[in-house]
Amino acid sequence: MQDKPKLGFDLSAKKGLSLLGETPLVAETPEELLDDETTPIARFFVRNNGLLPEPAGDPEAWAFTIDGEVEHPLRLTLAELKSRFPHKTFRMVLECGGNGRSFFEPKAEGNAWTNGGAGCAEWTGVSLGDVLRAAGLKDIALFTGHFGADPDKHGSHEQQAMSRGMPIAKALEEHTLLVWAMNGEPLPFIHGGPLRLIVPGWPGSLSQKWLTRIWICDREHDGPGMTGLSYRLPVHPLAPGSDGRGVETRILESMPVRSIVTAPADGARYREGTRSIEVRGAAWAGDDTVTRVDVTLDGGATWVEATMTRPRNRYDWVRWHVSLPLTGDGYYEIFARATDSRGRAQPFRAANWNPNGYGCNVMHRVAITVGPEA
Ligand SMILES: Nc1nc2c(c(=O)[nH]1)N[C@H]1C(S)=C(S)[C@@H](COP(=O)(O)O)O[C@H]1N2
Ligand SMILES: [Mo]
């Protein structure tokens, strides 16, 4: 990817990502570059909804507030946060709510993610719940509202680029973190450093970067990203292509089960006479777990179950691999299908079409050729 000074960020730090948008800056990771157990920072996708904020001078002095429906409103610097609360490190998937959007037919509104609006990093910080307990949640506390230092896409600080929130129960989960380190390094600026939220399993938009404030509300938060069709799904399935005006919606919470093939890469060619191939990838399932991954080479007529690794902790992805016999030279399409702990598997075709294109988890398809071009 080329560096463009107007982006305000040196993209040469990101290796092999596909640029989906320049202003705001959005870049995804081709599936075959998600082949590591822990996604390196250099390969981790980037999603901004506004422009970049001013980088922090002294990261330890970065401050954020917790206010609203709490007994003791708090203002904490990063240094205070680190010294007052127990540190936690978890490897967890961060995934954009629009991941997979480009597979909807007809096209849905928004960035045309394939499957690369996701990555799995080691996040270090403190549980948001520990900090909320220190602030003392009032009985009427129902929802969070998140604020960051970035201006909106027109450069204005009047309006948040994005300000989402979650029910208190999700905020109190041990794995919902205030994070200052990624893969053991200080949280990079482009990923929200010095301080961000990580709300695993739910749309990435909840994981506020450059965090300045968490507002505790007695009702659902209504910032940009919470209303209209933003991060909402129709309650009743819509005909593909409908404008969705006036339909009843619900907030998209847990992300649906997804698997990706990380090797071979789409378009790979094997030597003539190859009679078996190694296929590997990753799978994850929002708040749920992955119970199996199956792979087919014949459009779903026959399936082979893959071997999965044990996730390190909740919200980690599983890595899977399988060896597949080939009947002869020629063209093959690999499809991988993960199933979650509630028995839901990935669909063959993009299902649940919605105008803003959320939650598309159609099976990943990788085409390969064995021997000379057919
Ligand atoms: N302050 C702020 N936080 C934000 C956003 C943003 O635009 N501004 N984008 C959100 C979205 S939509 C996603 S998917 C994730 C992406 O995080 P990353 O850029 O570190 O991959 O950040 C979220 N947090
Ligand atoms: Mo996102």
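A polar contact here is a pair of N or O atoms within 3.5 Å, and within protein one atom must be able to donate a hydrogen and the other to accept it, with residues adjacent in sequence counting only if both atoms are side-chain atoms. The structure is a predicted model, in which local features need pLDDT of at least 70 and side-chain atom pairs count only at pLDDT 80 or more, while totals for chains, interfaces and linings use all residues. Residues are numbered from 1 along each chain as its sequence is written.

Select ligand 1 and then Ser207, where a polar backbone atom is 3.0 Å from a nitrogen atom of the ligand. Add Asn49, which has a polar backbone atom 2.7 Å from an oxygen atom of ligand 1, and Lys209, whose side chain places an N or O atom 2.6 Å from an oxygen atom of ligand 1.

Next, select the strands β16 (268-270) and β23 (residues 364-370), strands being DSSP runs of E with at least two residues, numbered from the N terminus. These two pair in the parallel sense over three bridges, where pairing requires that DSSP finds at least two bridges between the strands. Within this pair, Arg269 stands opposite Thr369 in β23.

Widen the selection to the open, mixed sheet of five strands, which runs in the order β16-β23-β22-β18-β19. Because β16 and β19 (304-305) stand at the edges with a single partner strand each, one side of each is left without a neighbour in the sheet.

Note on methods. Chains are lettered from A and ligands numbered from 1 in the order in which they are written. Side-chain values use heavy atoms; hydrogens and water are left out. Helices (H or I, at least four residues) and strands (E, at least two) are DSSP runs, numbered from the N terminus.
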